[in-house]
Amino acid sequence: MTLQDTNTAAARAPHIGQAHRRQTARRHLAGRGRFVSDIVLPRMLHAAFVRSPMARGRIVEIDTRDAEQSPGVVRVFTARDLNPSCKPWTGTLDHFASMVSAPQNILAEEEVLWAGHPVAMVLARTRAEAEDACELVMLDIEEGEACVDGHAALSGDAPRAAPGLDSNLCFQTVLETMAVDAAFAGAAHVVEGDFTFGRHTAVTLEPRSVVADFDAASEQLTVHHGTQTPYQFQDIYARHFGLSESRVRVIAPDVGGSFGMKLHLYNEEMAAVAASLKLGRPVKFVADRLESFVSDIHARDHKVSARMALDAEGTILAMEVDDMTQIGAFSTYPRTSVAEGNQVVRLMGAPYRMPDYRGRLSVVFQNKVQTSQYRAVGHPIACAVTEALVDKAAARLGVDPFEIRARNVVPDDAYPFVSATGYSFEKLSHEACLAKLRDLMDYDALRAEQAALRERGIYRGIGIAPFVEITNPGAAFYGVGGARISAQDGAVVRLTPSGEVQCAISVTEQGQGTETIISQIVADQLGVAPEQVKVTTGDTDTTPSGGATWACRGAGIGGETALRAGRKLQGQILALAGQILQSDPADLALADGHVVDAQSGTRRMPLAEIGRIATYRPDTLPEAADNSLTAAEHFAPSGYPFDFTNGIQASLVEVDVETGIVRLLKHWVVEDCGRIINPLLVDEQIRGGVVQGLGPALFEECLYDETGQMTNASLADYLVPMACEMPDIVIGHVETPTNDTILGAKGVGEAGTAAAGVAALNAVNDALSPFKAEIRQTPMTPLRILAALGHV
Amino acid sequence: MKSPAFDYIRARSVAHALETYRSLDGEGVYLAGGHSVVPSLTLRLQAPAALIDLSGIDALTGISLDDGWLRIGAMTRHAEVAADPMIRDHAHLFHLAAPHVAHPAIRNRGTIGGSLSLADPASEFPAVALALRAEMEVAGHDGVRRVKADDFFLDIYETAMDPGEILQAILVPPVRAGDVAVFDELARRRGDYAMVGAAVQAMVDAGRVADISIAFFSVGNKPTRAGAAESALRGARLDDATIAAAQSALDADLDPSDEPQMPASVRRHLARVLLGRLLGHLGTTA
Amino acid sequence: MTMDIELTVNGEHVRESVEPRMSLADFLRERLQLTGTHLGCEMGACGACLVLLGGKPVHACLVLAVQAAGETVETIEGLSESGAIADLQAAFHDRNALQCGFCTTGMMVNAHALLGDNPAPERAEIRDALSGNYCRCTGYEAIVDAIDATARKRASDVEAPA
């Protein structure tokens, strides 16, 4: 295989590494996307939900009689009707020792646990008629005391956020090395801070959408589901509704954004399936924006107390961190709401040689929407706390922010390296990234400009933040805890009778370009152009089983799977060609759509001819020749449990110190995601990720009042980042491939989000430094900045 | 987010609209551009029996000059307010404010009359009408009456119009020599409702403020004239001391509500900052 | 109650009976199967539903179908099929100025209108024109680049006709 590697088309005409455009994007540009929200099926009913208006209460009575008589209404369901058909789900995993969470079911049974908790489901001919009937459902709820604040929820006499809980503590863990206390005792400098990270949410532009279609005659359930993870939902629907897996088909067509939010299980999707099973008709639910805000998972919501010990030279000795994260009334299913906090305490100090560490995590229930995994799970919190403290230390020591980081990052020649929190890094490139960023942003010139402008009363700030990102997780994330979430992915590659290539693969596409990079990788194995590789994703009936797209695994794991499947097919094609051409397959290769002589490149026969003979004239082949022209591979990462990536970001801001308004002037990222398969798509993943980090740093926050009501649950009141406020983003790369795979690619989807927010936070604090003001809460609203400046 | 059911009537004339409204016995809602009414329906904040669409009534459209007064038809869209040369020349504050109203596509549908009738205290145009000392031409069953802007905005979403009355036009007084207008707002994102905004119409003569009107928005339950600040400025030279005095005077003018995300003290602070900047700008513009 | 309305959509005469409460967006999507007009917020805050009404971009979620009676509507499908935005589409494709595609159609409608009004916009003007169009995927820069590139290309094509 190795000898052949260097001679295949991949070596001669590599598409890996090229900025191929996304073929599938053309449909969207013409308005021809097909999203779940576009799907209409015969006899389809539309669902709307009656939701709890309060955060905590006991259901006294639900009267649906008037609603049932409302024009267009077919059925009104309550928990009594739907819940018995569904096995309850519980969001715990075994590897989070002693974690607890109450079981959940489709509709609220006796108690409502957050404002927005679905209580009744109306099915009608149109969504408007379903909403009309929702207004006629009479709901009598006796209001109870809600847990709203996490610290208060932990006090002994606090009401419980959900029935059956002994306390509101979902999970607690402590991670520590031996010498933390000694490190602090002997430190020349200790810097510390309390940080607050607000709740925010995904706000995918297409809301959650599902069409459940049960055909009783064939006992087939087909669910059109806007999700990243069709196989996970196939498994869930089959198990929880007692169906055979092969009778459950989940199709994820075009998905209007997901970012982690659409891989969790929600009451409404389960209700749509349950209702379709009951009625034998298609049932459609598309969340409107108001219900998205009170039912989609929220993210973050952490309060962190942290301190860092340094010696006199500014060497980081240790960190001690206490993270309290608030997750709603339940832990989500099937991935839990603990994974984010777990990553927060493990990613602290990740870029640095720091030898000692203690991290304490408390995951707390409250009566709000559940929080769970969202793009860059845990990273922005760990990165913000670490880098804000490093900047404080730099200021304390009078050292430049670049310099203190240069003194502390794990040197590029010191790998493999195990962090104080126990992560094993194969090879990272912090020093190279630091140097590259400094050049890219022309740091010294920016500092000079900053000083000059400050003389004129213009307060600019520069913030930098190195980061480490977890990508390509193996089974360590979920599988070991008992979750039926695949760590492997599968691909089937075949040569068609006319010599084209089709690849069906388990990783999915939400616009990041999965299908394009898979076509590039497969093309290189088979000596064809990417345009000749048709990639199929997102359908459990037509693609092999796999984990799909999350935690930055599409390129690294999906890509490796495709590469291996492609090579397997390459071997089959060459073997067959050898038989047809009476040549040793080792002397043949694939290039330009042909079987060629491996040494000279001379064309021997077109792939179309292989396809023709194998399909239409197998009689001319030797006996026992393999004419399948189809290869399957399944790949799961081995070696390191994760492929870590790294990089560094910088932000330039201007703070209006009278109004507290921050302008983002420019942003830089230097990123090392290993082998770059498509530089155009990598850069756009980074840019999109950066803006998803800047949004919650400045604007996005789910605000709640003291009774647990979300007070800004509309797109007019919840501030997403928009074009006018976002900066241009300059990107540079360092390329350190992983040796764990042939492809060498790691993930990149979450890198932008990981450090963008703290780069901006550090920049704002830099701008505020002449006033001895400091902000440690995101989003950095004008109010909070004015408060830091003492104007309030 | 689907509207409850309602009927729809396209009014042919103001009289037809008034008559239709009366026939609906309080269950009718006028529809101009619809960009406030329609969201209130999809949010199911109201459930009228019928919408009475005013967009086909010729009498509500058009921009004209009459004896120095500029008459802006109520159905004039925000985008026309921003682009129209007569508005630019004779009601410059509206021209300055229009680009701050929401986003381009909204401005293609939203109407000046709709905005003034709604009387959203966070909207730009009601404050501009105040600062311009405009008058509202209001049609009802008893005929047409004119209401001064100072008397028009009563409370949050409440005007001096009786139920069923229709705002036909906005009348802007003649431009005077030395008139200068400045407008700005402090918003978190482009097109958002402002944290604080202000419209200033002044007459400056040889460096002195001969006359001035200042109207704030997003500082209380209605657009607010800053009378004390105006008094501090009227007749004074526009120097730092005067500006500081006007800023201090705002405390007497403004009574913003206290909200968790925006305490009254912060709004007052922002109003002072904004006024200082606008007056500084006025000094350089005049 | 339902009302009969007639209007022109993408050059075709359309006659339908609708409930007055039906938005133009729902009318286009459900009655005419023009699903390129997307719904992201149904309150005029996201820009996914922009269509041209009388030649100007408006939020189809904030206009009732009955209000559009007698008017001319163009959607992404019509603009695409007429070739009016072919260069914008090419520039978006080349610059990868879209990911999930859900905001894209509204962006195209708005970009088309912007370049009609202002053939040589500054980048800040492009961002301002897009101030009501929400995109969660791209971070906006690629979209600004694609519109900028289209404007420049149109200008150079005018200067040096092929």
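Where in chain A does A:Asn678 lie? In this predicted model, the residue is found in the loop between strand E27 (662-672) and helix H20 (679-698) of chain A.

## A closer look at A:Asn678

Is A:Asn678 buried or exposed? With a relative accessible area of just 1%, A:Asn678 counts as buried, because the cut-off for that label is under 20%.

What does A:Asn678 touch in there? Setting aside the neighbours within four places in sequence, A:Asn678 is in contact with A:Gln18, A:Ala19, A:His20, A:Thr516, A:Ile517 and A:Gln520. Closer along the chain, a polar atom of the A:Asn678 side chain lies 3.0 Å from the backbone nitrogen of A:Leu680.

## Where chain C meets chain A

Now for the contact between chains C and A. Chain C puts 46 residues into it, and chain A puts in 52 residues. Together the two chains bury about 4,000 Å², with 55% of that on carbon and sulfur atoms. On the chain C side, three residues stand out: C:His93, C:Tyr134 and C:Arg136 supply 21% of the area that chain C buries against chain A, more than any other three residues.

There's plenty of polar pairing to look at too. Between chain C and chain A there are 8 salt bridges, and 27 residue pairs are in polar contact, counting those with both residues at pLDDT 80 or more. If you want a salt bridge to pull up on screen, try the one that joins the side chains of A:Glu684 and C:Arg95, at 2.9 Å from N to O.

## What chain C's side is built from

Which helices of chain C give two or more residues to the side that touches chain A? They are helix H2 (76-82), helix H3 (86-95), helix H4 (104-117), helix H5 (123-129) and helix H6 (141-159). H3(C) gives the most, with 5 residues.

As for residue types, this side of chain C splits into 18 nonpolar, 17 polar and 11 charged residues.

## Two domains of chain B

Over in chain B, the domain assignment gives domain 1 (7-53), domain 2 (59-172) and domain 3 (179-285). Let's stick with domains 2 and 3 of chain B, whose C-alpha centres lie 21 Å apart. Each of these two brings 25 residues to the contact between them.

Domain 2 and domain 3 of chain B bury about 2,100 Å² between them, 57% of it on carbon and sulfur atoms. Within domain 2, the residues that lose the most area to domain 3 are B:His100, B:Pro121 and B:Arg133, which together make up 26% of what that side buries.

## Pairs and pieces at the domain contact

How many salt bridges are there between domain 2 and domain 3 of chain B? The count is 2. In chain B you can also find a salt bridge between the side chains of B:Asp150 and B:Arg225, at 3.3 Å from N to O. Across the interface of the two domains, 9 residue pairs are in polar contact, with both partners at pLDDT 80 or more.

On the domain 2 side, the elements of chain B that give two or more residues are helix H5 (92-97), helix H8 (124-131) and strand E8 (153-155). The largest share, 6 residues, comes from H8(B). Sort the residues of this domain 2 side by type and you get 16 nonpolar, 4 polar and 5 charged.

Key
Residues numbered from 1 in each chain as written. Chains lettered and ligands numbered in written order. Predicted model: local features only at pLDDT ≥ 70, side-chain atom pairs only at ≥ 80, totals over all residues. Heavy atoms only, no water. Contact = heavy atoms within 4.5 Å. Buried area = accessible area lost by both parts, 1.4 Å probe. Salt bridge = Lys/Arg side-chain N within 4 Å of Asp/Glu carboxyl O. Polar contact = N/O pair within 3.5 Å; in protein donor to acceptor, adjacent residues only side chain to side chain. Helix = DSSP H or I, 4+ residues; strand = E, 2+ residues; numbered from the N terminus. Nonpolar A, V, L, I, M, F, W, Y, C, P; charged D, E, K, R; others polar. Domains from an automatic or database assignment. Buried < 20%, exposed > 50% of the residue type's maximum accessible area, 1.4 Å probe, protein only.
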